[in-house]
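Student: Please take me through one part of this structure slowly, as I am new to it. I would like to see how a single helix is placed among its surroundings, and how the charged side chains in the regions around it pair up.

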Amino acid sequence: MELRQLQYFLAVVEEAGFTRAAARLHLAQPGVSAQIRQLERELGQPLLDRSGRTVTTTAVGEAVLPFARAALAAVEGLRRTVDEFSGLVRGQVTIGLVSGAAVEEFDVAAVLADFHDDHPQVEISLTEDTSERMLTALRRGELDLAVIGLADEEPPQGVGLQVLVDVPLVVAAAPDDPLLATVEGGRAALPLAALDGRPLISLPRGTGLRGVLERACAQAGFRPHVAFEAAAPLLLARLAARGLGVAVLPELPPGAAAELGLRTLPLTEPDLRGRIALAWPADGPAAPAAAALLARMRKAFPAVGAPPPYGRMGP
């Protein structure tokens with residue numbers, strides 16, 4: 001009996017089929033089938049019922065399942081203990097990134113590359129998604145870490161946070177946009193109510209910035225008319241520069257608006273802010289590799305001066 005046979009057996013049970021299990025294990029399906037049949041021959045009993053549309057355990061398979069899980073857990077514990085003594089980190093880390101987060105001043109790629117150089121045994125899986133879906137994935141244990149946009153003033157439940165970016169939200173428009181003509185006497189800000197009925201350009205629903213905008217508009221008594229959506233703030237700015245609407249986006253670096261052919265104004269009444277945070281499960285990452293990468297990212301991207309309750313979050 002080999003440990004890999006137990007691993008294949010568990011994968012087939014959890015995936016309810018050989019094809020999906022093989023894909024999960026990054027192996028050919030015939031090889032997985034052959035190893036499990038060999039395991040069944042050694043035990044003298046069938047472990048899997050292959051007669052239906054999905055693969056299920058036989059009575060014997062169901063009985064041995066806890067022992068297979070325990071055996072693999074014991075081996076993993078043994079490896080983890082040895083690694084702790086040797087300083088070696090191994091395993092897999094799954095990270096989520098909100099679109100637009102990996103920018104030059106927030107170089108996630110460089111941190112991941114340095115971490116991989118130091119810990120080549122760690123496999124890193126990176127994905128982009130909306131903040132809402134990534135928060136759900138963190139709570140379910142499907143993600144170890146995530147860089148998300150914050151939509152609410154109160155911190156989301158079930159996660160730890162370190163706020164990395166906290167900047168004002170602005171409107172950006174072409175200089176000849178009709179909205180700018182309504183700004184009295186060159187005033188330096190635009191009240192949120194001025195956006196009522198205007199064609200807007202925004203990040204998609206489920207992102208932190210879109211959540212901030214929709215919540216503020218609802219409190220002001222109107223629903224924003226989002227004419228165009230894009231996944232990255234720079235693309236929002238370019239669409240606005242072409243006269244397709246007014247973009248709502250984080251404050252641009254000095255000179256960037258002029259280079260894009262835009263005029264920007266802060267939003268007031270209320271003041272709106274865009275926040276990006278590093279997030280992880282409230283109890284901390286379960287795997288040592290994820291904990292090591294979290295520590296590396298928290299050091300590389302220090303927290304900004306966020307007021308409580310964000311400052312109280314984290315292990």
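Tutor: A residue is called buried here when its relative accessible area is under 20%, exposed when that value is over 50%, and partly exposed in between. With that cut-off, 42% of the 315 residues of the protein chain count as buried in this model, which is a predicted one. The chain holds 11 helices and 12 strands, and among its contacts with a separation of 6 or more, 74% are between residues 24 or more positions apart. Its accessible surface comes to about 16500 Å², and carbon and sulfur atoms make up 53% of that area.

The part to look at closely is helix 9, which spans residues 233-241 and has Leu236, Ala237, Leu239 and Ala240 as buried residues. Viewed down the axis of helix 9, these buried residues fall within an arc of 160°, and so they line one face of the helix. The elements that cover the buried residues of helix 9 include strand 6 (159-173), strand 8 (199-202), strand 9 (225-229) and strand 10 (246-250), together with helix 10 (256-260). After helix 9 comes Gly243, whose phi is positive, near 80°.

Strand 6, one of the elements that cover helix 9, leads on to the charged pairs, of which the structure holds 11 as salt bridges. In general, side chains of opposite charge can pair when their charged atoms come close. Asp166 forms a salt bridge with Arg273, and the closest N and O atoms of the two are 2.6 Å apart. Since Asp166 lies in strand 6 and Arg273 in strand 12 (residues 273-281), this pair ties together parts that are 107 residues apart in sequence. Asp166 also forms a salt bridge with Arg275, where the closest N and O atoms are 3.4 Å apart. Arg275 lies in strand 12 and Asp166 in strand 6, so this second pair ties together parts that are 109 residues apart in sequence. As for exposure, Asp166 is buried, with a relative accessible area of 18%, and Arg275 counts as buried at 12% relative accessibility, whereas Arg273 is partly exposed, with a relative accessible area of 34%.

Strand 12 can also be followed back to the loop that joins strand 11 (263-268) to strand 12, which is where Pro270 is found. Pro270 is joined to Glu269 by a cis peptide bond, with omega at about 5°.

Strand 9, another of the elements covering helix 9, brings us to a further set of charged residues. Arg205, Arg210, Glu214 and Glu229 are linked in a network of salt bridges. Within this group, the side chains of Glu214 and Arg205 meet in a salt bridge of 3.2 Å, N to O, and Glu214 counts as partly exposed at 27% relative accessibility.

To sum up the part you asked about, helix 9 has a face lined by buried residues, and strand 6 is one of the elements that cover those residues. From strand 6, Asp166 reaches both Arg273 and Arg275 through salt bridges.

Definitions and conventions:
Residues are numbered from 1 along each chain as its sequence is written. This is a predicted model: local features need pLDDT of at least 70, side-chain atom pairs count only at pLDDT 80 or more; totals for chains, interfaces and linings use all residues. Side-chain values use heavy atoms; hydrogens and water are left out. Helices (H or I, at least four residues) and strands (E, at least two) are DSSP runs, numbered from the N terminus. Buried means under 20% relative accessible area, exposed over 50%, partly exposed in between (1.4 Å probe, protein chains only). Contact means heavy atoms within 4.5 Å. Accessible areas come from the Shrake-Rupley method with a 1.4 Å probe; for residues, only the protein chains shown count as cover. The arc is that of the directions from the helix axis to the C-beta atoms. A salt bridge is a side-chain nitrogen of Lys or Arg within 4 Å of a carboxyl oxygen of Asp or Glu.
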